[in-house]
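Dear colleague,

I am passing on the structure we talked about, with the sequence alongside. Please open it first, and then read the notes below with the model in view.

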Amino acid sequence: MRFTDLPLDAAILRGIAGLSFTEPTPIQAAALPEALAGRDVLAAAMTGSGKTAAFVLPILQRLLAKPRGVTRALVVTPTRELAAQVHEHLQALGRHTGVTAAAVFGGVNAGPQERALRAGVDVVVATPGRLLDHLGTGAARLERVEVLVLDEADRMLDMGFLPDVKRILARLPRQRQTMLFSATLPEPIVELSRSLLVTPARIGVERQAAPAVGVTHAVFPVPEKLKRALLVEVLKREGVDMALVFTRTKHRANRLTEFLTKAGVSCDRIHGNRSQAQRESALASFKGGNLQDLVATDIASRGIHVKDLPHVI
């Protein structure tokens, strides 16, 4: 299958060609025909599988001929980074369509978001907390939403967002197309899908969890007091030019970044206490090769795509 085999408008195909996409990934090939037909979708899709285009393209196709000035599609994501990434995909794939989109998340000035929402952008991509803020002020109007996407639903569950998501769902029309994408399908997500989806196309739901192909694992048993020193030695090994290092807490991320910097390792950190501008700057420097290492809490575990990332610690 090629994208040109799908019932997509020429303006959308121009956006796809502009990104040099020719053939859909497996999740796209399975989900796109169902989503373009207007069916609800329940998909188990790993991060990095290309799932974003699997729901962005049907949204663009559906909204192409709709009148502007009304929000008709909502994508809810667990993290700011993932919201920004989905927004970028919408802009790139829809650049020739005239469909408008806004990213709505915390850590940045709410004013531009409020103005975009009051103007009635076609698609809103949002994290739950900031969207609820805008619903509370009346800036966000969701009564005309025709398409709802819950992206990385299991991560929203992990982060405690399920009550917020349910509050958002209560503000949406009952008649709509709903797509739920999740890397894993724990029982609370399965229960949520039963209440949200109507005879959905089930994609990858029955697949068995399996280790990522082509990844080599190593474990270093080490006393707590020597962990940071060992990490420096690992990072200074030949061939370890770039690494994403996860810590459990924000404070550990700060302390580790300070330790590595003093040891001569170029690095920065991202976590929930950093401003959005600081997080975006650190990510851009890391992805651009200006930093050897990025220290992060697991806020970065979904939605951050670094091409050919060689090491994760």
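Which residues are buried in helix 9? They are I189, L192, S193 and L196, and because they cover an arc of only 100° around the axis, they lie on the same side of helix 9. In general, an α-helix has 3.6 residues a turn, so residues three or four places apart point the same way. The exposed residues R194 and S195 are carried on the face of helix 9 that is turned away from its buried side. As for what the buried residues of helix 9 pack against, the partners are strand 1 (41-44), strand 5 (147-150), helix 7 (153-158), helix 8 (162-169) and strand 6. Please keep in mind throughout that this is a predicted model.

The seven-stranded sheet

Several of those partners belong to an open sheet of seven strands, which has the order 3-4-2-5-6-1-7 and parallel pairing. Strand 3 (101-104) and strand 7 stand at its edges, and because each has a single partner strand, one side of each is left without a neighbour in the sheet. On average, and with direction ignored, neighbouring strands of this sheet are turned by 10° against each other. Within the sheet, strand 1 and strand 6 run parallel and are joined by four bridges, and A43 has F181 in strand 6 as its bridge partner.

Two helices deserve a look against this sheet. Helix 6 (residues 128-137) packs on the sheet and touches strand 2, strand 3 and strand 4, with a direction that makes about 110° with that of strand 3. Helix 3, for its part, lies across strand 2, strand 4 (123-126), strand 5 and strand 6, and runs at about 165° to strand 6.

The aromatic pair and V75

A search of the whole structure finds one aromatic pair. This pair is formed by F55 and F181 and is tilted, with 5.4 Å from centre to centre and 55° between the planes. The pair links distant parts of the chain, since F55 is in helix 3 (residues 51-63) and F181 is in strand 6 (residues 177-182), 126 residues apart. F55 counts as buried because its relative accessibility is 0%, and F181 likewise counts as buried because its relative accessibility is 0%.

F55 also appears among the contacts of V75, a residue found in strand 2 (residues 73-76). Leaving aside neighbours within four places in sequence, V75 is in contact with F55, I59, V86, V123, V124, V125, A126 and V149. V75 has a relative accessible area of 0%, and is therefore buried. The C-alpha atoms of V75 and H87, which are 12 residues apart along the chain, are separated by 9.4 Å.

The four-stranded sheet

There is also an open sheet of four strands, with the order 9-10-8-11 and parallel pairing. Its edge strands are strand 9 and strand 11 (311-312), each of which pairs on one side only. Strand 9 (residues 267-270) and strand 10 (residues 293-296) run parallel and are joined by four bridges, with C267 standing opposite D293 in strand 10. From strand 9 the chain crosses through helix 12 (residues 276-287) to strand 10, and this β-α-β crossover is right-handed. Strand 8 (residues 243-246) pairs with strand 11 in the parallel sense over two bridges, and there A243 stands opposite H311 in strand 11. Helix 11 (residues 250-262) lies across strand 8, strand 9 and strand 10, running at about 175° to strand 9.

Two loop residues

Finally, you may want to check the backbone at two places. S20, in the loop between helix 1 (10-18) and helix 2 (26-36), has a phi near 65°, a positive value in a residue other than glycine. S20 is exposed, because its relative accessible area is 62%. T199 is in the loop between helix 9 (187-196) and strand 7 (201-203), and its phi is near 35°, again a positive value in a residue other than glycine. T199 counts as exposed because its relative accessibility is 63%.

With best regards

Notes: Residues are numbered from 1 along each chain as its sequence is written. This is a predicted model: local features need pLDDT of at least 70, side-chain atom pairs count only at pLDDT 80 or more; totals for chains, interfaces and linings use all residues. Side-chain values use heavy atoms; hydrogens and water are left out. Two strands pair if DSSP finds at least two bridges between them. A crossover is right-handed if, with the strands pointing away from the viewer, the path from the first strand over the helix to the second runs clockwise. Rings of Phe, Tyr and Trp (its six-membered ring) pair if their centres lie within 6.5 Å; planes under 30 degrees apart count as stacked, over 60 as edge-to-face and the rest as tilted. Buried means under 20% relative accessible area, exposed over 50%, partly exposed in between (1.4 Å probe, protein chains only). Contact means heavy atoms within 4.5 Å. Axes are lines fitted to C-alpha atoms, for helices over the stretch in contact, and angles run from 0 to 180 degrees between N-to-C directions. The arc is that of the directions from the helix axis to the C-beta atoms.
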